[in-house]
Amino acid sequence: MEITLTVIFLCLVITMLIRFKKRVKYSYTDDSNNELQFNKEVPTLTSPLVYYGDKLDFHDESIRKVLIKHFPYFTQLLPLDQDKFISRLQKFINTKCFIIHDVKGYREMPILVSASAVQLTFGLQKFLLTHFSVIQIYPQEFIALEPMRVLIGNVSGNTINIAWKQFLEGYRNGFDNNNVGLHEMAHALYYQNFETEEYIDKSFKESFHLFTAFGDKIYLREKQRTIGLYSDYAMKNFQEFWAESIELFFENPGRLNSHYPELYNILCDLLCQDPLRYPYHNYPV
Ligand SMILES: [Zn+2]
């Protein structure tokens, strides 16, 4: 039995590796002008590609262009908040190293992946997720070790890993409660505040206790399938429940609010954002 399972798993790994060899078509990156400069100056067929954020030097207007095209959260912000978003995005990119596991890197990759972190933390004072200095971007599902498994995103050590294909799908289908970018940034935000000793956001930490206390009741209720708002994966543990609550909060705030208004309000207070009432709310976005 054990041998059969090992053989099946090895077949799965080989299939995944063969798929990695094929070029992935990025529907958002048809424009070859968007290719990151590094590739134009130094033609290379090696992977991964490494970009230091402080060397990328994007103009505000190129960032704005990418966000308007692909990031609905940004387009709904008031002009003043759009400026704040871009300024935060620039600072976030500057502090990260982006490792792209492909033969070409595109401007959208560092900009949009960073944008999902800025979206999540937009109401907070501390938004840099300083513990995480590396962001790795894979074309699609990737294999993680120890234990060996196929993933579309995870947070490990000082690294945030994201599968680009699924990341784009998360923002393309804005209302299906699946957004791997927000999901992994939620894990990272928790990790930053509860597992590291540095750069802790005290008021976030304090408010999170309310989420834990009230969320735990909903977590147990959802486990019994009374409402079924969350996926089976969210029922795996409370961390996944937290990450999926963030996906719901941004992708389907109305539904979350109508089923669990108290949880919705706790998340508004925790993140200092209210997607349902923006810009008519009292949070300092
Ligand atoms: Zn997760």
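This is a conversation about reading helix packing, aromatic pairs and burial in a predicted model.

Trainee: Before we look at details, how many helices and strands does the chain have?

Mentor: Keep in mind that we are reading a predicted model. The chain has 13 helices and seven strands. Of its 285 residues, 51% are buried.

Trainee: What share of the contacts between residues at least 6 apart joins residues at least 24 apart in sequence?

Mentor: That share is 68% in this chain. Let us turn to the helices and see some contacts for ourselves.

Trainee: How should I read a helix pair, and at roughly what angle do α7 and α9 cross?

Mentor: Start with the axes, then the angle, then the residues that meet. Helix α7 (residues 108-120) and helix α9 (residues 180-194) have axes that come within 9 Å and cross at roughly 60 degrees. That angle makes α7 oblique to α9, since roughly perpendicular begins at 65 degrees. The crossing of α7 with α9 is right-handed.

Trainee: Which residues in α7 and α9 meet?

Mentor: From α7 come V113, S116, A117, Q119 and L120, and they meet G181, L182, M185, A186 and L189 in α9. Sorted by class, this contact of α7 with α9 has seven nonpolar and three polar residues, with no charged ones.

Trainee: Helix α7 also meets α8. Is the crossing of α7 and α8 left-handed or right-handed?

Mentor: α7 passes α8 in a left-handed crossing. Here α8 covers residues 164-172, and the axes of α7 and α8 come within 11 Å, crossing at roughly 55 degrees. The two helices are therefore oblique to each other.

Trainee: Which residues in α7 and α8 meet?

Mentor: On the α7 side you will find E108, M109, L112, V113, S116 and Q119, which meet W164, F167, L168 and Y171 in α8. By class, the residues of the contact of α7 with α8 divide into seven nonpolar, two polar and one charged. V113, S116 and Q119 are worth picking out: they meet α8, and they also appear in the contact with α9.

Trainee: Now for α9 and α11. At roughly what angle do their axes cross?

Mentor: The axes of α9 and α11 cross at roughly 130 degrees and come within 8 Å. These helices are therefore oblique to each other, as only angles over 145 count as roughly antiparallel. Their crossing is right-handed. In α9, the residues V180, L182, H183, A186, H187 and Y190 meet Q239, E240, W242, A243, E244, I246, E247 and F250 in α11. Eight nonpolar, three polar and three charged residues make up the contact of α9 with α11.

Trainee: Let us move to the rings. How many aromatic pairs are there?

Mentor: The count comes to 27 aromatic pairs. For each pair, read the distance between ring centres and the angle between planes. F194 and F208, for example, form a tilted pair, 5.2 Å centre to centre with 55 degrees between the planes. F194 sits in helix α9 and F208 in helix α10 (residues 202-223), 14 residues apart.

Trainee: Is F194 buried or partly exposed?

Mentor: F194 is partly exposed, at a relative accessible area of 23%. Its partner F208 is buried, with a value of 2%. The cut-off for buried is under 20%.

Trainee: And what kind of pair do Y219 and F238 form?

Mentor: An edge-to-face one: their ring centres are 5.8 Å apart and their planes are at 85 degrees. Y219 lies in helix α10 and F238 in helix α11 (residues 238-251), so the pair ties together parts 19 residues apart in sequence. Y219 is buried at 8% relative accessible area, and F238 also counts as buried, at 18%.

Trainee: Which residues do ring pairs link into a cluster?

Mentor: The cluster holds F71, Y73, F74, F85, F122, W164, F167, Y171, F249, F250 and Y264. You have met W164, F167 and Y171 already, in the contact of α8 with α7.

Trainee: One last residue: which others does L270 touch?

Mentor: Leaving aside residues up to four places away in sequence, L270 touches L124, F204, S207, F208, F211 and W242. L270 belongs to helix α13 (residues 261-271), and at 2% relative accessibility L270 counts as buried. For sequence against space, compare L270 with H209: they are 61 residues apart in sequence, yet 9.6 Å apart C-alpha to C-alpha.

Methods: Residues numbered from 1 in each chain as written. Predicted model: local features only at pLDDT ≥ 70, side-chain atom pairs only at ≥ 80, totals over all residues. Heavy atoms only, no water. Axes fitted to C-alpha atoms, helices over the stretch in contact; angles between N-to-C directions. Helix = DSSP H or I, 4+ residues; strand = E, 2+ residues; numbered from the N terminus. Parallel < 35°, antiparallel > 145°, perpendicular 65-115°, else oblique. Left-handed = near helix turned anticlockwise from the far one by under 90°. Contact = heavy atoms within 4.5 Å. Nonpolar A, V, L, I, M, F, W, Y, C, P; charged D, E, K, R; others polar. Phe/Tyr/Trp six-rings, centres within 6.5 Å; stacked < 30°, edge-to-face > 60°. Buried < 20%, exposed > 50% of the residue type's maximum accessible area, 1.4 Å probe, protein only.
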